[in-house]
Amino acid sequence: MITTQGVTGLNRWSLIRYNPFPDTGGSHSFVICLLDNLKNGILLTSLHSRGTTRFYAKKVDGGKADQDLSGEEQQALNQAIKS
């Protein structure tokens with residue numbers, strides 16, 4: 001849990017499901033964004049393909065990610081900020 005002065009908890013969130021690989025069926029990949037009131041938190045991305053599933057985590061500080069974002073990650077971040 002992220003705790004900052006007077007703000008506790010991850011109360012802004014969003015979930016984006018998508019299919020990044022045309023040779024797999026369904027939207028098994030996802031991005032979840034979890035933020036506190038100060039827009040600090042994480043983006044957790046899961047990329048699912050036929051043979052593997054990979055997970056990536058990116059830190060968010062003040063509504064800005066510490067790394068470049070994919071389109072789906074940016075969409076999840078924007079939705080969480082608006083929630």
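These legends accompany several close-up views of a predicted model.

**View 1. The whole chain, from its first strand to its helix.**
Let's start with an overview of this predicted structure. The chain contains one helix and seven strands. If you follow the chain from the N terminus, the elements come in the order β-β-β-β-β-β-β-α. Of the 83 residues in the chain, 30% are buried. Among contacts with a separation of 6 or more, 41% are between residues 24 or more positions apart.

**View 2. Five strands side by side in an open sheet.**
Here you can trace the sheet strand by strand: the order is 3-4-5-6-7, and the pairing is antiparallel. Which strands stand at the edges? They are strand 3 (12-18) and strand 7 (64-65), and each has a single partner strand, so one side of each is left without a neighbour in the sheet. Now turn to the helix. Helix 1, made of residues 71-82, lies across strand 3, strand 4 (29-35), strand 5 and strand 6. Helix 1 runs at about 150° to strand 3.

**View 3. Strand 3 meets strand 4.**
Strand 3 and strand 4 run antiparallel and are joined by seven bridges. To find your place, look for Tyr18, which stands opposite Ser29 in strand 4. Then walk along strand 4 and watch its side chains alternate. Ser29, Val31, Cys33 and Leu35 point to one face and are buried. Phe30, Ile32 and Leu34 point to the other face and are not buried.

**View 4. The hairpin of strand 4 and strand 5.**
How many bridges pair strand 4 with strand 5? There are six, in the antiparallel sense. One handy landmark is Leu34, which stands opposite Ile42 in strand 5. The two strands form a hairpin with five residues between them, and in this hairpin Lys39 has a positive phi near 65°.

**View 5. Asp36, a buried charge without a salt bridge.**
Asp36 sits in the loop between strand 4 and strand 5. Is this residue buried or exposed? Asp36 has a relative accessibility of 0%, so it counts as buried. Even so, Asp36 has no salt bridge. The nearest side chain of opposite charge belongs to Arg12 and is 6.6 Å away; a salt bridge needs the nitrogen and the carboxyl oxygen to be within 4 Å. What does the side chain of Asp36 reach instead? Its target is the backbone nitrogen of Leu38, at 2.9 Å. Ile81 is worth finding in this view too: its C-alpha atom is 9.3 Å from that of Asp36, although 45 residues separate the two along the chain.

**View 6. Strand 5 and strand 6, with Ser46 in the picture.**
Strand 5 (residues 41-48) pairs with strand 6 (residues 53-61) in the antiparallel sense, over eight bridges. Four residues lie between the two strands of this hairpin. Two pairs can guide your eye: Ile42 stands opposite Lys59 in strand 6, and Leu47 stands opposite Arg54 in strand 6. Ile42 may look familiar, since Leu34 in strand 4 also stands opposite Ile42. Another residue to find in strand 5 is Ser46. Ser46 has a relative accessible area of 3%, so it is buried. Leaving aside residues up to four places away in sequence, Ser46 touches Tyr18, Ser29, Phe30, Thr53, Arg54 and Phe55.

**View 7. Strand 6 turns into strand 7.**
At this edge of the sheet, strand 6 and strand 7 pair in the antiparallel sense over two bridges. Look for Val60, whose bridge partner in strand 7 is Ala65. The two strands form a hairpin with two residues between them. In the turn, Gly62 has a positive phi of about 65°.

**View 8. A salt bridge between strand and helix.**
The structure holds one salt bridge, and this view shows the pair that forms it. Lys58 is joined to Glu73, with their closest N and O atoms 2.8 Å apart. Where do the two partners sit? Lys58 is in strand 6 and Glu73 is in helix 1, so the pair, 15 residues apart, links distant parts of the chain. How accessible are the partners? Lys58 is buried, with a relative accessible area of 12%. Glu73 has a relative accessibility of 4% and also counts as buried.

Terms used
Residues are numbered from 1 along each chain as its sequence is written. This is a predicted model: local features need pLDDT of at least 70, side-chain atom pairs count only at pLDDT 80 or more; totals for chains, interfaces and linings use all residues. Side-chain values use heavy atoms; hydrogens and water are left out. Two strands pair if DSSP finds at least two bridges between them. Contact means heavy atoms within 4.5 Å. Axes are lines fitted to C-alpha atoms, for helices over the stretch in contact, and angles run from 0 to 180 degrees between N-to-C directions. Buried means under 20% relative accessible area, exposed over 50%, partly exposed in between (1.4 Å probe, protein chains only). Lys and Arg count as positive and Asp and Glu as negative; His and the chain ends are not counted. A polar contact is a pair of N or O atoms within 3.5 Å; within protein, one must be able to donate a hydrogen and the other to accept it, and residues adjacent in sequence count only if both atoms are side-chain atoms.
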